[in-house]
Structure formats: C-alpha cells, structure tokens
Amino acid sequence: MAHSTTPQAARLLVDCLAEQGCDRIFTVPGESFLPVLDGLVDQAQIDVVTCRQEGGAAFMACADGAMTQRPGVAFVTRGPGATNASIGVHVAQQDSQPMILFVGDVARDMRDREGFQEIDFPAFFGPIAKWAARIDRADRIPEYIARAYATAISGRPGPVVLALPEDMLYDETSAVPRARVERPAQAPCPDAMQAMMALISDAAAPLAIIGGAGWNAKAREHFQLFAERLGLPVATAFRRQDAISPSSPVYAGNLGYGPNPKLVERTKAADLLLVVGARLGEATTDGYTVPPLTDKDRTLIHVHPDPAEIGSVYPADLAICASMDEFAESAALWAGEDPLPFDAGAQAHTEWTEWSTATPSDSYPLDLAACVQFMRDTLPADTIICNGAGNFAGWWHRYWRYNGYPSQLAPTCGAMGYGVPAAVAAAMRFPERMVVAVAGDGDFLMNGQELASAAQAGCDLLAIVVDNSGYGTIRMHQEREFPERVSATRLANPDFAALATSFGAWSATARTTEEFRDALVAAEGRSGLRLIHAVIDIEQLAASGASISGLRAKAG
C-alpha cells in the first residue's frame, strides 16, 4: 500500500538524528528502510550521500566520525548490505572512531525463519562493535538513538550497530526526540598529575607516544605546549601523525611500520614512556616488542579516556583516566609551573627531520620519495592525505608532513580500500581544503567505484594511484619467506587514467619523476575530480629502501 506521508516511526528516527546534530548520512539504499529514505526528503539538515557499495559507505562514515568526533552515520540494507558494511565497523572499532551503522532488518514476524537476507545482527556485529542492538518498538527509538550516540563517543570511541525491523518503521508513535548527547569531559586527578610530573622529573630518557582515542585539536595544541616546555621528545602512534605539528621542535616521528631506526632505538632505551591516547597496539609496538610488554627498568604512564584499556595489555605504573583535551590542558599548566627541560626533544626532532627528508635518487624512473617531497613543496601544508593499506603508504608516512588537523585519514587496522571513500568524506567535510586519496593499484580497485559517488556529490579531490602491478606488501613477505616463488600477487590492471576519465575526472599518467611533477602541477591548477596514475617498478617495495632483489639476497 502506498503511503502519502512518512510513517511516524521513521519520521521520529530522522528527527532523533537531527536532534543529535547529524548533518550527513552515507547510504546504499535498500527497500528494508524505505520509510527512513522518505523521511530524509523533508529533513533539510541532513545531507544524504548515495554510495556505490556498502563498504565504501561505511568507510565514509568512519572517516567522517574521525574528523568530527561525532558519529559518522551510514544506512545499509540487511544481509549482503550489512556484511559488506562490516569492514567499516571493524575499522571504526580498531581505530577508536565514533560511528553508527543502521541496518534495515526483516519484519518482526519474519524473524528466526531464515527469511530473505536474514542475519542476527546483534550476534553478527557484537564482537566488532561497542554495542549492537535491534529497535523492536517505535516508542523506544529516542532511547536507542541517544544511547547509540553516548556509547559511540564516550570512553574509547567506537561503532554502534542498530538493526531496524522493516515493519517497525511503519508503526505509529507519540514519542519525541531526546536532547543532544555530549561526550563526558573527565579531568585528570590532581594527585595523579603531581605523581606524573615527579616520575618525569626523575627520568633520564623519557619519551611520549601520543594519538588515538578521543584526540582532538585542543589536545594537540595543549600537549604540544606541554612537551615543548619540557623538551620531551614526542612520537606518534601508528597512523596518528597529525596528533602534533610536524614543525614542533620536540616531534620525534612516527612509530608503526617502517619507522626511523633511531626512533626505534630511542623507544627501546626510554626509561619512562608517557602514552597518551594510544592503545599501544600491535602495529605501533612492532608486535609488542617496542617497547616490550614488561620491563622492570621502564616506567609506563598510560593516559586514556577508557579505564578498560589501561592495563589491558601493557601494565601501567601510573594510570590516568581522563579526556585527552582535559589531560593535555592540565599537563600544559603543570609543565609551566616547574619546567624540567630535556635536551632529547631537539635531538629527536633533528633525527626525524633528516629521516623524513628525501634525497635525490635515479635508481628508478619514478622515485616516489622525490614525488612526495615535491608534493610537500607544492600542495597546501594542511592538505588531507587519505589512504588505505599497502606498501605505497610508507612513502607518505615517511616523507609527508601532516601539518593540519585533521590531515591523516588512514586505517590503523590496515584495511584496504579506505582511501577513496575517506577522501570523499573529507572533501565534503572540508571543501575549502586540498584532499588527496593515495592508493595502491590493488587498494584502489577495492573501492575505486566510489569515484562515482565523488563525482555525483561534486567533490573536489585528487587521487594518486601507485601502480606496481602487484599486491606489493604480500609480495614483500612472499619474497622474504619463499624467494622467487611468486604466487597470487601479480595483478593485471586497467588503464587507471582512462578509468578516471570515464568518471568525468581529469587524469594523467606518470612513468617518471618529472612526469609526476608535471601532472601534480597540472592537477593542482584544476578543481573537481582528478587522478594521477603513477606507474612504478615492483622493485620499489617500501620507503625504507627494501627491494625484491634485496629481500631475495637476504633470504638466500
């Protein structure tokens, strides 16, 4: 039966989202939530972004949450739609980013019959979300939406999944939206701050590792002030490089894959680690070895907004549960009262500056290090760099300087296909800033179809596809473990420049460093959708200098 007006339950759901400040939804439409789509027609506050695959929609929502610190919102349909979107939920969970995924569900009287595309969504998403539930009664929609927002943004931020039975959306209800939920602001305990400063003052080789759950612009500003007052060297956790300004005289570089060897040694030698926001996950710590899980000669101060994270993997000598910005502001004040200057900060920064400055090389026709260096010299300092997973990202991690905030959108869980969707979200959230999606050839083809979403939304962004005709990271491991026995890692690729043109983009192909420079200058002088197809040799495996021939020699 046709409906002339939006059913009350669906209207209430849309109004609840608006009340929470939702201004954008990413979706692949489905018949399971038609009433919600209808309700969005009359809600001018909420922009609806039509996507081409649910994984892309979920990645966009995850990236949007990372930029705004409010949940990014995605709507997908049941079964295949939800399972496609699960990759974005996984990223939001491991990256500690607020997100809400709404899934259209089977009607209530169809449940438990293995109906068309039926999945038990609370059971399916439970292990990879902060909370997964189903709204069975229209009267409780305001309660569930408010709780979803509170759960997603509180403590360690993360994803929430709410299933919406199709028939429930047609129900009548007189319920009204709840007030906007804000993240609790928890200040650090003064006694703990005093203890922290005493431990730092007693340390001979302290080091801070920052970036992660709840980090924001205020935390960045105040923690940088704190560290500079002390001369405390500061490293960023894996793919959290915008947590401090790269120009800060105490910035020591980033941990994770392919870090500066001198920073690794500094981390190993530190007698005190001040970890703020970071979980000290596997990537940041190189498999829980840098630093080691336990070390009687090292003091660990762990500051995190979620008490469940502190002590869960690394034992903390001093645990401080606080909001990142509240802690950083308090720390800056404490540092100002009794400065304890270290000279290690300036030394660490010099080491990072040398490490992150490319030196000219003619080893390959297209030298990615020189290309990233040229990007630094050409593009605005606050350019937002978005990437998925692959060895290609190592060149940007090493040579790009993430000057703005936010300016790094990259999944810490290593999900491929994130870069293009994240760039779409960034271009819409910050239309005045330069946005660059960097992708490997394998990485790009996992969600490259979202260029259509970018074109439809009128996004202004540049995509750079680094093409080595292979799954480079896996090939690297393959050559290390099984030299000269290539299996399943070669790729037969399309003409990426021609593909971009089919989406209405300006494009160019670069096979040499000079061609890349010319293409970048031409791209920067244009607006809209642009793509540079950068063709490199498979030998160029990583920014750290690894090559296939070198790996074979070591393996042999």
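**Figure 1. Cysteine sulfurs around C386 and C16.** A disulfide is a pair of cysteine sulfur atoms within 2.5 Å. The model is predicted, so that local features need pLDDT of at least 70 and side-chain atom pairs count only at pLDDT 80 or more, whereas totals for chains, interfaces and linings use all residues. Residues are numbered from 1 along each chain as its sequence is written, and side-chain values use heavy atoms, with hydrogens and water left out. Zero disulfides are found in a search of the whole structure. For C386, the closest cysteine sulfur belongs to C459 and lies 11 Å away, too far for a bond. The closest cysteine sulfur to that of C16 is in C22, and this separation of 11 Å is likewise too far for a bond. Burial is judged by relative accessible area: buried means under 20%, exposed over 50%, and partly exposed in between (1.4 Å probe, protein chains only). C386 is buried at 0%, and C16 is buried at 2%.

**Figure 2. The N-terminal TPP-binding annotation and the packing of α1 against α2.** UniProt, in an unreviewed entry, lists residues 9–121 as "domain: Thiamine pyrophosphate enzyme N-terminal TPP-binding". UniProt positions are given in the numbering used here, feature names are shortened, and annotations may be inferred rather than shown by experiment. Over residues 9–121, helix accounts for 45% of the chain and strand for 18%, while the end C-alpha atoms are 20 Å apart. Helices (H or I, at least four residues) and strands (E, at least two) are DSSP runs, numbered from the N terminus. Two packed helices are described by the angle between their axes and the distance between the axes. Axes are lines fitted to C-alpha atoms, for helices over the stretch in contact, and angles run from 0 to 180 degrees between N-to-C directions. Helix α1 (residues 8–19) and helix α2 (residues 34–41) have axes that come within 8 Å and cross at roughly 60 degrees. The two helices are therefore oblique to each other; angles under 35 degrees count as roughly parallel, over 145 as roughly antiparallel, 65 to 115 as roughly perpendicular and the rest as oblique. The crossing of α1 and α2 is right-handed, where right-handed means that the near helix is turned clockwise from the far one by less than a right angle, and left-handed that it is turned anticlockwise. In this pairing, A10, R11, L13 and V14 of α1 meet P35, V36, G39 and L40 of α2, with contact meaning heavy atoms within 4.5 Å.

**Figure 3. The packing of α1 against α6.** The axes of α1 and helix α6 (residues 141–153) come within 9 Å, with a crossing angle of roughly 30 degrees. These helices are therefore roughly parallel to each other, and α1 passes α6 in a right-handed crossing. From α1, the residues A9, L12, L13, C16 and L17 meet I141, P142, I145 and Y149 in α6. C16, buried at 2% relative accessibility, is thus one of the α1 residues that meet α6.

**Figure 4. The central domain annotation and R229 in helix α8.** Residues 194–328 carry the UniProt annotation "domain: Thiamine pyrophosphate enzyme central", from an unreviewed entry. Over these residues the chain is 27% helix and 20% strand, and the end C-alpha atoms are 14 Å apart. R229 lies in helix α8 (residues 217–230). R229 is partly exposed, with a relative accessible area of 35%. From R229 to A213, the C-alpha to C-alpha distance is 24 Å, for a sequence separation of 16 residues.

**Figure 5. Backbone geometry in the loop between β10 and β11.** The loop between β10 (272–276) and β11 (299–304) contains P291. V290 and P291 are joined by a cis peptide bond, with omega about 5 degrees. L280 is found in this loop, and its phi is near 60 degrees, a positive value in a residue other than glycine. L280 is also buried, at 2% relative accessible area. D286 belongs to the loop as well; D286 is not glycine, and its phi is positive, near 50 degrees.

**Figure 6. The cis peptide bond at P406.** Y405 and P406 are joined by a cis peptide bond, with omega about -5 degrees. P406 is in the loop between α13 (393–399) and β14 (408–409).

**Figure 7. Contacts of Q373 in helix α12.** Q373 is located in helix α12 (residues 368–378) and is buried, at 16% relative accessibility. Leaving aside neighbours within four places in sequence, Q373 is in contact with S356, T357 and A358.
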